[in-house]
Amino acid sequence: MKGVVKIKNMRVYAFHGCLKEESKIGGDYLVNLRAYCDLGGAANSDSLEETANYTLLGKIVSKEMAVRSKLLESVAKRIIDSCIKEVSVIERVVVEISKINPPINADVESVTVLLEGRRQ
């Protein structure tokens, strides 16, 4: 049984960006994650070990968001790699990271990077 475990709009305060000020003052980010899995085992067994545990996924997001990077692409790749490494039922992961109120010369609510990775 194919399925998806989602984390929607996880708010994280982090220090990503190319500007020196961003590394000092930080900013708000929203992270969305979709983990595509075979959830048949979990549906039949009612066992947490057979699903993509969203608590663990949230911890992975928090851990990787805490590592400063210039680019959101780098952060998204680390999240994908960690999810695939740590959660055996995941076949594919889509991560979307939005920087709220980015420091650009325009009235912009957010900028977003979306990356997808698959188990090899």
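## Secondary structure

Helices (H or I, at least four residues) and strands (E, at least two) are taken here as DSSP runs, numbered from the N terminus. On that basis, the order of elements in the protein chain, read from the N terminus, is β-α-β-α-α-α-β-β. The secondary structure thus comprises 4 helices and 4 strands. The model under discussion is a predicted one.

Several of these elements frame the residues discussed below. Strand 1 (2-14) and helix 1 (20-25) are joined by a loop that contains Phe15. The loop between helix 2 (40-45) and helix 3 (54-65) holds Asp46, and the loop between strand 3 (90-100) and strand 4 (110-118) holds Asn101.

## Overall dimensions and contacts

The C-alpha trace of the protein chain extends over about 50 × 25 × 25 Å along its principal axes. Of the 120 residues in the protein chain, 40% are buried. Among contacts with a separation of 6 or more, 60% involve residues 24 or more positions apart.

## Surface and charge

About 7300 Å² of the protein chain is exposed, and carbon and sulfur atoms supply 51% of that area. The protein chain carries 18 positive and 16 negative charges, whose mean positions are 5 Å apart.

A nonpolar patch on the surface is formed by Tyr13, Phe15 and Ile25, which together have about 320 Å² of accessible area. Within this patch, Phe15 has a relative accessible area of 33%. Patch members need over 30% relative accessible area, whereas a residue counts as exposed only over 50%; Phe15 is therefore classed as partly exposed.

## Backbone conformation in two loops

Most residues other than glycine have a negative phi. Two loop residues of the model are to be considered against this background. Asp46, which is not a glycine, has a positive phi, near 60°. This residue belongs to the loop that follows helix 2 (40-45) and precedes helix 3 (54-65). Because the relative accessibility of Asp46 is 72%, the residue counts as exposed.

Asn101 likewise is not a glycine, and its phi is positive at about 50°. Asn101 is situated in the loop that links strand 3 (90-100) to strand 4 (110-118). The relative accessible area of Asn101 is 59%, so this residue is also exposed. The cut-off for that class is over 50%, which is met by the 72% of Asp46 and by the 59% of Asn101.

Key:
Residues are numbered from 1 along each chain as its sequence is written. This is a predicted model: local features need pLDDT of at least 70, side-chain atom pairs count only at pLDDT 80 or more; totals for chains, interfaces and linings use all residues. Side-chain values use heavy atoms; hydrogens and water are left out. Patches are made of residues with over 30% relative accessible area and no salt bridge: like charges are joined within 9 Å, nonpolar side chains (Val, Leu, Ile, Met, Phe, Trp, Tyr) within 5 Å. Accessible areas come from the Shrake-Rupley method with a 1.4 Å probe; for residues, only the protein chains shown count as cover. A salt bridge is a side-chain nitrogen of Lys or Arg within 4 Å of a carboxyl oxygen of Asp or Glu. Buried means under 20% relative accessible area, exposed over 50%, partly exposed in between (1.4 Å probe, protein chains only). Contact means heavy atoms within 4.5 Å. Lys and Arg count as positive and Asp and Glu as negative; His and the chain ends are not counted. The place of a charge is taken as NZ of Lys, CZ of Arg, CG of Asp or CD of Glu.
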